[in-house]
Amino acid sequence: MAASLLRAPAALGSPRHRHKLLQTTTKTAQQRARRQAAATTAGTAETAPQAAQALEEETCPPRPAAVDPLLACFASATTLRPVAVPFASSPPLSNRPTPLALPPVPPFFSRFSRCASSVFAAPLLPSSATPFSTAKNLFSSSSSSSSSSSRTSFSTTASATMSASPQRRLNYDNINPHVKAAKYAVRGELAIRSEEYRARLAKHGDDAGLPFREVISANIGNPQQLDQKPITFFRQVLSLLENPALLDHEDVLRNALGYKQDVLDRARWLLKHVGSVGAYSASNGVPAIRQSIADFLERRDGFPANQADIYLSGGASSGVNTLLHTICAGPTSGVLVPIPQYPLYTASLSVLDAQCVPYYLDEAQNWATDLATIRSALRDARAQGIDVRALVVINPGNPTGASLSEADVEAVIELARAERLVILADEVYQTNVFVGRFHSFKGALRRLQARHRDDGAYDAVELASLHSVSKGMVGECGHRGGYFELVGFDPAVQAEIYKFVSITLCAPVIGQCLVELMVNPPRPGDPSFALYEQEYNAIYEGLRARATALHKAFDQMEGVECGEPQGSMYLFPTVHVPPKAAEAAAAHGRTPDEFYCLKMLEATGVCVVPGSGFGQKPNTLHFRTTFLAPGTEWVGSIVKFHKEFMDTYR
């Protein structure tokens, strides 16, 4: 089929050819279904991913090798299986096309985009030059790796399989193309496979036929999945909020269950202001909880905060979604995003059909923010007609762990002031700082405003800062609690933001209550303070110790380079693999970093994320790992795997 596509692409849109291709696809799906049913009867049923993979191999031939990797920038910036081709084959910067005027791929071909995209990319791209458009290539192959073969995620393949049914109104062809383009590598193919291994181990134990006894999910910052214990004070208060009738039995709570008086008092206070955690709150959150956040911000930064500028959200991700929806007005709206970055930003911008404007962090300076690089990216994007409106800063960094100094924060604010950019300060790791201390953008902005009170130079700076209960020593990801604070926003814009959050009614109220506990924990002299301090410090020291141990392990590994852990809960080491490993990756249709991470998972059960999922400079390879998992045995297994991998492919 690929050959016919190459010979006569125009003919593919004809009704006759479309009908014939649909018949072929439907017939293939039916054959697969019959074989699956027969295999099930015989007790040898394929797993769903295996069935989907086999079907894809039958319906979609490999992509031709000579495809410009720049095509990847028109999908999402974050994918474990991007358009992977030799970087050297790409056109020079001066000849690269702009993404802004890209005509849409005909809907009929979208289901076969893995086949058709490589064929139609060059004819459809306009010929105007754009250095900016090459930036998104960093999410594709980062070395001279291979072209992709017949391989995709199970969810995409399954969707394509079911699209052959004529009874359904929705199919893979006609759903929102921006949703299909969005990628989120943190929960990509390797994560899915790791869960398959986990299920096999749970069912068969030592007879699972795997060289490891447990799966370590180091791919995602999910603390309590990796045995981080909840803070007792938080969970005791939440238990009373969920079941207020328990408060009628104070003697049992105190004498038999160890609840302190401040736990009971806080639960009653929250119930007084919330009413019931099963009821809706105000759209921007419970007023009393917003006031607690404002008090926390004043204690942290030394400047007053207004609860009317604070919005409770379902984790920080929901807040990012709200802000990007408000900021991005159309396909030419752009947002500066650090590279490497947390894939939430590129995925969200893809769904919005807006422009990600990447800027590289400086790995040589332990992933520092380079203002010259930001200015260069901004200049190139504007030259292509992109209306760059905002600048994302993740501090401390994800996936890098880098923590900005106060001077760095002030320099970013000055750049935003001069270029009239909204600052999106993602500060969810603000308590995970191992080197120096955390410097908030809100505090730095207020100090600049105080120093420039006479000329008002910084009074119009627009800042949105975000925080969450998901990370740090709280680690309550599943409760989906977070907030964002707006500074310097036009009141009319804030009114529209309020309307936007009202569409989803409110953030989870139990999550809002947990935010209140996070920003207003037990204090010295409170009955629960001693236990709270003990648990908090134990979690912090445990994270720092594991970060140090993992960093030392990387120092022992040939061809691996990693900066000192500074903060957050991740390390992002560089890995240099032998040429034969890159060749083996190419033979399997994978990028070298993805191939390395897959082999690590297969050998050790440790699931990490290839650096291409976060973005990386061309011709570099990385992977991201958390250091949340307890113990050190899994770290030793990575060291052992790496030595064997290097020996195999020398």
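Four bridges join strand 3 (residues 333-339) to strand 5, and the two strands run parallel. The model is predicted. Within this pairing, G334 stands opposite V388 of strand 5. Strand 5 spans residues 387-394 and is mostly covered, with six of its eight residues buried. Strand 5 is also joined to strand 6 (residues 422-426), here by five bridges and again in parallel. A390 has V422 of strand 6 as its bridge partner.

The parallel pairing continues from strand 6 to strand 7, over four bridges. In this pair, A425 is matched with S465 of strand 7. Strand 7 covers residues 463-468. Six of its six residues are buried, so strand 7 is largely enclosed by the rest of the structure. In general, side chains of a regular strand alternate between the two faces of the sheet. In strand 7, L463, S465 and H467 point one way, whereas A464, L466 and S468 point the other way. Residues on both sides of strand 7 are buried.

Two cis peptide bonds were found in loops that follow these strands. Most peptide bonds are trans. The bond between I339 and P340 is cis, with omega about 0°. P340 lies in the loop between strand 3 and helix 14 (344-351). The bond from N395 to P396 is likewise cis, with omega near -10°. P396 belongs to the loop between strand 5 and helix 16 (406-419).

Backbone phi was examined next. Most residues other than glycine have a negative phi. W367 departs from this pattern, with a positive phi near 65°. This tryptophan sits in the loop between strand 4 (355-360) and helix 15 (371-383). W367 counts as buried because its relative accessibility is 9%, under the 20% cut-off. N619 also has a positive phi, about 65°, although it is not a glycine. N619 is found in the loop between strand 13 and strand 14. In contrast to W367, N619 is exposed, with a relative accessible area of 53%.

W367 also features in the analysis of internal space. Two cavities of 30 Å³ or more were counted. The largest encloses about 110 Å³. Its lining is formed by 14 residues, of which L361, W367, T369, I394 and G397 are the closest to its centre. One of these, I394, belongs to strand 5 (residues 387-394). By class, the lining of the largest cavity has nine nonpolar and five polar residues. No charged residue takes part in that lining.

A separate description applies to strands 10, 13 and 14. These three strands form an open sheet in the order 10-14-13, with antiparallel pairing. Strand 10 (570-571) and strand 13 (609-610) are the edge strands, and each pairs on one side only. Two bridges link strand 13 to strand 14 (residues 623-626) in the antiparallel sense. V609 stands opposite R624 of strand 14. The loop between strands 13 and 14 is the one that holds N619.

Helix 23 runs over residues 633-648. Its 16 residues should span 22 Å at 1.5 Å a residue, and its end C-alpha atoms are 23 Å apart, which agrees. The buried residues of helix 23 are W634, V635, I638, F641, H642, F645 and M646. Seen down the helix axis, these buried residues fall within an arc of 125°, so they line one face of the helix. The face turned away from the buried side carries the exposed residues E633, K640, K643 and T648.

Helix 11 covers residues 261-274 and includes Q261. Q261 counts as partly exposed because its relative accessibility is 31%, between the cut-offs of 20% and 50%. Q261 and D526 are 265 residues apart along the chain. Their C-alpha atoms are separated by 8.8 Å.

Definitions and conventions:
Residues numbered from 1 in each chain as written. Predicted model: local features only at pLDDT ≥ 70, side-chain atom pairs only at ≥ 80, totals over all residues. Heavy atoms only, no water. 1 Å grid on protein atoms, 1.4 Å probe; cavity = no way out; pocket = protein on both sides within 12 Å on 5 of 7 lines; lining within 4 Å. Points joined across faces, edges and corners; volume = space filled by probe spheres on them. Nonpolar A, V, L, I, M, F, W, Y, C, P; charged D, E, K, R; others polar. Pairing = 2+ DSSP bridges. Expected span 1.5 Å × (residues − 1). Buried < 20%, exposed > 50% of the residue type's maximum accessible area, 1.4 Å probe, protein only. Arc of directions from axis to C-beta.
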